[in-house]
Amino acid sequence: MKDWRSQSHVKWDCKYHIVMVPKYRRIERFKRNRTQIREILRELCRQKDIVLIEGNLAKDHVHMVLSVPPKYSIAMAIGFLKGKSAIRINRLLDRHQGNLFGRSFWSRGYNVSTVGLDIEVIRNYVKNQLIKDRNEDNLK
């Protein structure tokens with residue numbers, strides 16, 4: 001049975017697989033702050049009632065399976081997550097004060113796909129992505 005959620009006049013099940021990449025794929029900066037970035041993204045999801053079903057921070061990108069309420073477009077949800085997390089990362093982790101003009105953390109683009117009925121396949125993919133990345137690094 002589907003995990004239907006509801007609001008006042010709608011029942012819904014909107015799940016998305018999202019991949020976000022830090023600007024210039026700065027691996028060291030990303031690796032150094034992984035646990036804090038994870039917590040920042042979790043907190044931002046809670047603020048908008050977005051359910052983080054599965055998540056994985058690979059060495060240079062983030063995979064997330066999100067359940068986004070239909071009152072938000074997926075572009076708005078990702079814009080919120082990327083924008084607010086970039087501000088928090090720059091202020092809290094990189095200790096920048098004042099105006100953050102010209103400072104960014106995420107690259108402009110992102111990848112999004114609807115999950116549909118294949119939720120378990122996508123969840124396993126996201127879970128095992130880190131293992132796959134490690135195996136590929138060992139082959140190099």
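The following conversation concerns the salt bridges and one sheet of a predicted model.

Student: What kind of model is this, and how are residues numbered?
Tutor: This is a predicted model, in which local features need pLDDT of at least 70 and side-chain atom pairs count only at pLDDT 80 or more, while totals for chains, interfaces and linings use all residues. Residues are numbered from 1 along each chain as its sequence is written, and side-chain values use heavy atoms, with hydrogens and water left out.

Student: How many salt bridges are there?
Tutor: There are four salt bridges, a salt bridge being a side-chain nitrogen of Lys or Arg within 4 Å of a carboxyl oxygen of Asp or Glu.

Student: Which residue does Lys-15 form a salt bridge with?
Tutor: Its partner is Asp-13, and the closest N and O atoms are 2.5 Å apart.

Student: Is Lys-15 buried or exposed?
Tutor: Lys-15 counts as buried because its relative accessibility is 13%. Asp-13 is also buried, at 18%. Buried means under 20% relative accessible area, exposed over 50%, and partly exposed in between (1.4 Å probe, protein chains only).

Student: What about Glu-39, which residue does that one pair with?
Tutor: Glu-39 forms a salt bridge with Arg-42, with 3.0 Å between the closest N and O atoms. The two residues are separated by about one helical turn, because they lie three residues apart in helix 2 (residues 34-47). Helices (H or I, at least four residues) and strands (E, at least two) are DSSP runs, numbered from the N terminus. Glu-39 is partly exposed at 40%, and Arg-42 is partly exposed at 35%.

Student: And which residue forms a salt bridge with Glu-43?
Tutor: That residue is Arg-46, with the closest N and O atoms 3.3 Å apart. Glu-43 and Arg-46 are likewise three residues apart in helix 2.

Student: Changing topic: what is the strand order in the open sheet?
Tutor: The order of the four strands is 4-5-3-6, with antiparallel pairing. The edge strands, which pair on one side only, are strand 4 (51-57) and strand 6 (111-114). Two strands pair if DSSP finds at least two bridges between them.

Student: How many bridges join strand 4 to strand 5?
Tutor: Six bridges join them, and strand 5 covers residues 62-67. Val-51, for instance, has Ser-67 in strand 5 as its bridge partner.

Student: Which strands does helix 2 lie across?
Tutor: Helix 2 lies across strand 3 (15-20), strand 4 and strand 5, and runs at about 165° to strand 4. Axes are lines fitted to C-alpha atoms, for helices over the stretch in contact (heavy atoms within 4.5 Å), and angles run from 0 to 180 degrees between N-to-C directions.
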